Amino acid sequence: MTSLEQPILISFKLCPFVQRAVITLLHKKIDHTIEYIDLQKKPDWFLEISPLGKVPLLRVQDHVLFESAVINEYLDETHGEPMLAKDPLAKAEQRAWIEFSSSLFNAQHQLTQARREETYFKIEEDLTKKLAQLERKIGSDGFFEGKKFTLVDSSFAPFLMRSQLVADNIGVDPVSDYKKIMKWRDNLLSLSEVQKSVSKDFEDLYIEGIFERGGYLADQ
Ligand SMILES: N[C@@H](CCC(=O)N[C@@H](CS)C(=O)NCC(=O)O)C(=O)O
C-alpha cells in the first residue's frame, strides 16, 4: 500500500472502540494516519460520512468503514497473520466474546459517570458478574486463549488498560478478585502495540475526566 492509499482512522483520544482498531493497526504494522475529531463538536464532513455519528471510522480509498469490530476484521483479513480462528465455530465464539467486551466498555464508562452510591454499586454488581464469566472463560497463558494475540485480545485491552489506570490513580479495582484476568491484564499492558495505542497524555485525560465529572468513583 503506498502512502497515498494509507487507511485513515477517524478517532477520538478517549474512545476505547477507537483504541481497539489502533491496537490492531499497530500489531499488524499497517501504515496508517490518525485524524482526531472533537465529539462535542462533530465536524460537518464527519457527520456526512459517519452513518451513526460515531468513531471510529476507517477511510479506505473511497470507502468508509464503521463499527470497530468490523474495522478490525477488515484489517485482519487484508494484512498479515490471521487474528481470528479459521474454524467457523471457534471464530463465531471469538466474535461473541468481542461483542461481550463492548458491554464491559459500557459498564466501565457508566461507573465513571454514576453520581449516586446506589447507582454505582448496581453497575459494579453487573460488571462483577461479567468479570466472573470472563474469568471462567479465559486461559491462563496471558492471552484470551492459548499463547496467541487475537482480535479478542485487542478488543478487551482498552477495558483492561482503563481498569489499571483507575486502580493506580483512584485505588478501585474490580478486576483484582480475578487472578486470570489480572495476569492477562499484566501481559497485554506490557505489549508495545497496547502501550502505544493511546496518546502520551491519555492517562491524564482519562483520570482528569473522571474527577471533572465528580461522580461517586471520584470520591473514593
Ligand atoms: N459500536 C461502536 C461504538 C462506537 C462508539 O460508541 N463511539 C463513541 C465514542 S467512544 C462515539 O463516537 N460517540 C459519539 C456519539 O454517540 O455521539 C463501535 O464498536 O465502533
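Hi everyone, here is a short tour of the cores, the pocket and the cavity in this structure. One thing up front: what you see is a predicted model.

Let's start with the annotation. UniProt, in an unreviewed entry, lists residues 87-207 under "domain: GST C-terminal". Over that stretch the chain is 73% helix and 0% strand, and its end C-alpha atoms sit 41 Å apart.

Now to the packing. The largest nonpolar core has 47 residues, and the ones that touch the most other members are Leu131, Leu134, Phe156, Ile181 and Trp184. Which elements give two or more residues to this core? They are α4, α5, α6, α7 (179-189) and α9 (202-213). Of these, α6 provides the largest share, with ten residues.

If you'd like one residue to click on, try Leu131. Leaving aside residues up to four places away in sequence, Leu131 touches Leu104, Phe159, Pro174, Val175, Tyr178 and Ile181. Ile181 is, like Leu131 itself, among the core members with the most contacts to other members.

There is also a second core, separate from that one, with 16 residues. Val18, Ala21, Leu25 and Val55 are among them.

Val55 takes us nicely to the open space. The largest pocket has a volume of about 920 Å³. It is lined by 37 residues, and those closest to its centre are Cys15, Pro16, Phe17, Val55 and Asn106. Elements giving two or more residues to that lining are α1 (16-27), α3 (68-78), α4 and α9. The largest share comes from α4, which gives ten residues. As for chemistry, the pocket lining divides into 19 nonpolar, eleven polar and seven charged residues.

Finally, the enclosed space. How many cavities of 30 Å³ or more are there? The count comes to one, and its volume is about 120 Å³. Fifteen residues line this cavity, with Gln108, Leu111, Ser163, Val166 and Pro174 nearest its centre. You may remember Pro174 as one of the residues that Leu131 touches.

Two or more lining residues come from each of α4 (88-113), α5 (117-137) and α6 (151-170). Here α6 gives the most, with four residues. The cavity lining splits into ten nonpolar, three polar and two charged residues.

So, to tie this up: α6 gives the largest share of the largest core and also the most residues to the cavity lining, while α4 gives the largest share of the pocket lining. Thanks for listening, and I'm happy to rotate the model for anyone who wants another look!

Definitions and conventions. Residues are numbered from 1 along each chain as its sequence is written. This is a predicted model: local features need pLDDT of at least 70, side-chain atom pairs count only at pLDDT 80 or more; totals for chains, interfaces and linings use all residues. Side-chain values use heavy atoms; hydrogens and water are left out. On a 1 Å grid over the protein atoms alone, a cavity is a set of points where a 1.4 Å probe fits but cannot get out, and a pocket is an open set with protein on both sides within 12 Å along at least five of seven lines; lining residues have an atom within 4 Å of a point. Grid points are joined across faces, edges and corners, and a volume is the space filled by probe spheres set on the points. Ala, Val, Leu, Ile, Met, Phe, Trp, Tyr, Cys and Pro count as nonpolar, Asp, Glu, Lys and Arg as charged, and the others, Gly among them, as polar. UniProt positions are given in the numbering used here, feature names are shortened, and annotations may be inferred rather than shown by experiment. A nonpolar core is a set of buried Ala, Val, Leu, Ile, Met, Phe, Trp, Tyr and Cys residues joined through side-chain atoms within 4.5 Å. Buried means under 20% relative accessible area, exposed over 50%, partly exposed in between (1.4 Å probe, protein chains only). Contact means heavy atoms within 4.5 Å.
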